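Reader: I should like a close look at one buried position, with its surroundings described carefully, and after that a wider view of how the chains meet. Please keep the reasoning explicit where a cut-off decides the matter.

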There are 2 protein chains.
Amino acid sequence: MSEKTILLDHGSGGLASQKLISDLFLKHLDNPILRSLEDSAILENQPGRLAFTTDSYVVDPIFFPGGDIGKLAVHGTINDLAMRGAKPLCLSLGLILEEGFSLNDLELIIVSISKACNEADVPVVTGDTKVVPRGKGDKIFINTSGIGFVATDISISSQHAKEGDKVILSGTMGDHGITIMTRQAGISVQGNLQSDTMPLHRLVEKLLKELPRDVHTLRDPTRGGVASTLNEIAENSGLCIELSDEALPVRPEVAAACELLGLEPLYLANEGKCLAIVSPEKAEQALEIMHGTPEGADAVIIGTLTATGSSRVIINTPVGGTRVVSPLHGEPLPRIC
Amino acid sequence: MSEKTILLDHGSGGLASQKLISDLFLKHLDNPILRSLEDSAILENQPGRLAFTTDSYVVDPIFFPGGDIGKLAVHGTINDLAMRGAKPLCLSLGLILEEGFSLNDLELIIVSISKACNEADVPVVTGDTKVVPRGKGDKIFINTSGIGFVATDISISSQHAKEGDKVILSGTMGDHGITIMTRQAGISVQGNLQSDTMPLHRLVEKLLKELPRDVHTLRDPTRGGVASTLNEIAENSGLCIELSDEALPVRPEVAAACELLGLEPLYLANEGKCLAIVSPEKAEQALEIMHGTPEGADAVIIGTLTATGSSRVIINTPVGGTRVVSPLHGEPLPRIC
């Protein structure tokens, strides 16, 4: 018997679309707001400023060790809200499906989205599904947009980084990127490579509850990795970011795979890590708070913001040298997220 | 000289991505919130409940008479907000580009988005761009999500339709759908077929200012057309919607093209029309308000909600007969929006 697949009719707006919504989406993602199935979701307002973000996910393969495209889409958008100090309220879910895509795989992804949303306590409240003809897409692309609220005493921005601030990385580098890249290349490596995809809003909430004024910047180093994100922070703050080579945390199996593929972990995507720029007086306290969370158990201080030359990132090597870490340039790493 | 095209590197999160953002997106869509280029946009809160919606656009062709995929994406999401009585505040813009897509065409689309946003006074405040390899997408797919605010005295829902209410259609049927379908089929027809893509938030604002309690339901009949949307309203309200055959407005060139292709205008997508379900006492006033706007100049009352048999749509024909209008079923009309 042939496997059930997505048909063009599932995107027509007619009965087949409705059946997909009720039999699959509402079955797994049901909540009172989504259930209304109107043109927009209506939600009660919350105190604070609004945070709004969007991300499309085109990762290939769609299932990978540690996660799948659905889980990634939920975590990624939650993290983009958390990086401005926002408490995430809800997500939208936009699917672009290729004709012929397995309905079974679609259900696995929707179940994964449901699980990620429940664990993070952030519901999908509105959605949309389009179907493109075979060969005009690739299985499934997902857009998640999200809304959150920022308390009035919080103001997190890459422009707020200050001279003397410490750079904390919440865990190891490159786990997501290397997992996807080895799968794409069909290379099997020793050790347990898996994506670090993880929601960071609870870690951020704890950090900002204790240190509302001393956490100046939060960023999640996804595409382009820690190197590109730090370069953006250097650019926005006009400062130099000096990293300590020994402090940069990389799991041994990630380091080994990077060596094999000639890659630099600093440029690999992370999906469950954040960079926090914190005032020097409170950096140790911030580190302790992170160490008290499952998300930040491996957090380390990796560097300092200085006025030594402006808007660049350098690494101080153990032998007393320095090298400049440029942003990612000319290395296409397609469909990492 | 070969035309400049999208490269995989444009989606890497590195320098090429940043250049695309600054040289193209910020050039045309610039505003203080978007310009910050942080992980989320931060906006001042507004009074009222929140409305949140998402839609992906995969229309083929991407340029068509009366519009393009960018204009459609702006109008469609604004209209989904307006259909709940919300005043649109802002949009997100998620692009999925195919490697090799013309940078010139991309710029035309971004310029069109900019123009549509300016005319509607609803800015893009956050965005994301992904690139997929050649043959894994189709030129450009766009997701626009949107946030709006609903005044506390407004409650618009397809569940609020009541027995005796009148059904008003804000203009002619099928203009968008037939324009796309004749282009897809490569058929040239007489007369000036063009998409009706248009933002409806100002029409809705005028309507609700005068009649905050008497407009019960608003819906824009996009995919699946007036027939499918009315069936959803009938389903949600438990009532019968009786349409008058003579009242259904169709432009002569649309009717002619439909006849040629064997299509029924009731099932064709509209992108600048709304259905308003209004209390019978105020239906004429609502019609007058619509007639006073450019968007609703051709508005007509097309039917009535009755308790004659439940949850279905029927047409009363001039010779005294009736026929049932079922929701769209089994007719794949891919990539209409």
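Author: A residue is called buried when its relative accessible area is under 20%, computed with a 1.4 Å probe on the protein chains only. The model is predicted, and within it Thr229(A) has a relative accessibility of 3%, so Thr229(A) counts as buried. This threonine belongs to helix H7 of chain A, which covers residues 225-237, and a polar atom of its side chain lies 3.1 Å from the backbone oxygen of Gly225(A). Once neighbours within four places in sequence are set aside, the contacts of Thr229(A) are Arg219(A), Asp220(A), Pro221(A), Thr222(A) and Leu275(A).

Turning to the wider view, 78 residues of chain A are in contact with 78 residues of chain B, and the two chains bury about 6,300 Å² between them, with 55% of that area on carbon and sulfur atoms. Of the area that chain B buries against chain A, Asp39(B), Leu50(B) and Phe52(B) supply 13%, which is more than any other three residues.

The rule finds six salt bridges across this interface, and one salt bridge joins the side chains of Lys130(A) and Asp55(B), at 3.4 Å from N to O. It also finds 39 residue pairs in polar contact between the chains, while the side of chain B that touches chain A comprises 30 nonpolar, 30 polar and 18 charged residues. Backbone pairing crosses the interface as well: strand E2 of chain A (residues 49-57) and strand E1 of chain B (residues 41-43) pair in the antiparallel sense over three bridges, and Ala51(A) stands opposite Ile42(B) in E1(B).

Methods. Residues are numbered from 1 along each chain as its sequence is written. Chains are lettered from A and ligands numbered from 1 in the order in which they are written. This is a predicted model: local features need pLDDT of at least 70, side-chain atom pairs count only at pLDDT 80 or more; totals for chains, interfaces and linings use all residues. Side-chain values use heavy atoms; hydrogens and water are left out. Contact means heavy atoms within 4.5 Å. Buried area is the accessible area (1.4 Å probe) that two parts lose on being put together, summed over both. A salt bridge is a side-chain nitrogen of Lys or Arg within 4 Å of a carboxyl oxygen of Asp or Glu. A polar contact is a pair of N or O atoms within 3.5 Å; within protein, one must be able to donate a hydrogen and the other to accept it, and residues adjacent in sequence count only if both atoms are side-chain atoms. Ala, Val, Leu, Ile, Met, Phe, Trp, Tyr, Cys and Pro count as nonpolar, Asp, Glu, Lys and Arg as charged, and the others, Gly among them, as polar. Two strands pair if DSSP finds at least two bridges between them. Helices (H or I, at least four residues) and strands (E, at least two) are DSSP runs, numbered from the N terminus. Buried means under 20% relative accessible area, exposed over 50%, partly exposed in between (1.4 Å probe, protein chains only).
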